[in-house]
Structure formats: C-alpha cells, structure tokens
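Please look through the sequence and the model below before reading on. The paragraphs after them are meant to be read with the structure open beside the text.

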Amino acid sequence: MAEESSHFTHFDAAGQAHMVDIAAKDVTKRVARAGGRIVMQAETLALIRRGDAAKGDVLGIARIAAIQAAKRTSDLIPLAHPLPLTRVAVAFDIDGAASAVTIEVTAETLARTGVEMEALTAAAAGLLTIYDMCKAVDRGMRIDGVRLLEKSGGKSGHYEAK
C-alpha cells in the first residue's frame, strides 16, 4: 500500500483552498468502489422487495440517481475535477436479517485523477434516493457506513478498505 500523504492537497502554501493542478499527471485507468447501507423497518424493506412502494421501483430509481450523481460530482464537490467517466456500475444487496439495503458503486475513468469522489457521491445519492422514496412510510431510516472500499490506478497505487 502506498504511504499516505501528510498534508491536505486542496490547500496552497498560504492555506487557501485551490483545485489541485493535475496537468503533469499521467492519464491512467482509475477505478474506485464505494458503498454504504440504509437500515429500515422490516415492513419498508418488504415494500421495496415486492416493488409496492407508492413512488415505484425504488432500487431502479436509486440506481439511476447514483449514476447521475457520479456524472455530476464536480458540480456538487467544489474542488473535484470534472472527469470523463467510462463506466459506472451500481449493485444493491438486500439484507433481510438486518432489514437493510446495501449499495456498491464502481466508477471508472481514463484520466489524470482518481474517481473516489464519483463513487462516494454516487453511493450517497443512491442511498438518499431510497430514503426519499420511502420516507412517507419510514422516516426513521438510517444511512451509515458510506466509505471508499477500494481504488486503483494513479501514482498512489492500490487501496483496499480493511
């Protein structure tokens, strides 16, 4: 594993926020996986499973929201570079025992900087969309564990969450 940087790259020598200059970096294939989950009442999960939610196909809409969020990350995260995404894949897993839905997003690009923010933004937006679509029946849902699971490509090398 590459050694972590000991400084924040989004601040210049004077402590002012700036967009990192990536012009000298090589274009490489970069991949990031991020995930998280939303915990809910068992009845809410049953509605999602059956496809009976009043607003429609919850996971289908959440998948589209996640992909759209990945594509709009630089509009939402002020210092993120706009990236030409080559692939965004979204997978859901229903955990009946925990009464939860887990999301995993894989984002890929051929670029000078990584796609961690795109994968993370997509995971968060997918989970928020599930919340939005089900809040009428369950306002107590809890989103947790949104994090980077893995990244590869670029100078810093491979990272995998423990």
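What follows goes from the whole chain to its sheet, then to the helices and a part of the surface.

This is a predicted model, in which local features need pLDDT of at least 70 and side-chain atom pairs count only at pLDDT 80 or more, while totals for chains, interfaces and linings use all residues. Residues are numbered from 1 along each chain as its sequence is written, and side-chain values use heavy atoms, with hydrogens and water left out.

The chain holds four helices and five strands, where helices (H or I, at least four residues) and strands (E, at least two) are DSSP runs numbered from the N terminus. Read from the N terminus on, these elements follow the order β-α-α-α-β-β-α-β-β. The C-alpha trace spans about 50 × 30 × 30 Å along its principal axes. Of the 162 residues in the chain, 36% are buried, a term that stands for under 20% relative accessible area, with exposed meaning over 50% and partly exposed lying in between (1.4 Å probe, protein chains only). Among contacts (heavy atoms within 4.5 Å) with a separation of 6 or more, 71% are between residues 24 or more positions apart.

How are the strands ordered in the sheet? The five strands form an open sheet in the order S2-S3-S1-S4-S5, with antiparallel pairing; two strands count as paired if DSSP finds at least two bridges between them. Strand S2 (85-95) and strand S5 (159-160) are the edge strands, each pairing on one side only.

Starting from the S2 edge, ten bridges join S2 to S3 in the antiparallel sense, including the pairing of Ala-91 with Glu-104 in S3 and that of Ile-94 with Val-101 in S3. The hairpin of S2 and S3 has four residues between the strands, and Ser-99 takes a positive phi near 50 degrees there. S3 in turn pairs with S1 over twelve bridges, again antiparallel, and Glu-104 in S3 is also the bridge partner of Gly-35. Nine of the twelve residues of S3 are buried, so this strand is largely enclosed by the rest of the structure. Further along the sheet, eight bridges join strand S1 (residues 28-39) to strand S4 (residues 142-152), which run antiparallel, and Arg-33 has Glu-150 in S4 as its bridge partner.

Two helices can now be placed against these strands. Helix H2 (residues 58-71) lies across S2 and strand S3 (100-111), running at about 145 degrees to S2; such angles run from 0 to 180 degrees between N-to-C directions, with axes being lines fitted to C-alpha atoms, for helices over the stretch in contact. Helix H4 (residues 116-134) packs on the sheet and touches S1, S2, S3 and S4, and its direction makes about 25 degrees with that of S1.

Turning to the surface, the chain exposes about 9300 Å², of which carbon and sulfur atoms supply 55%, with accessible areas taken from the Shrake-Rupley method with a 1.4 Å probe. Ile-143, which lies in strand S4, counts as partly exposed because its relative accessibility is 32%.
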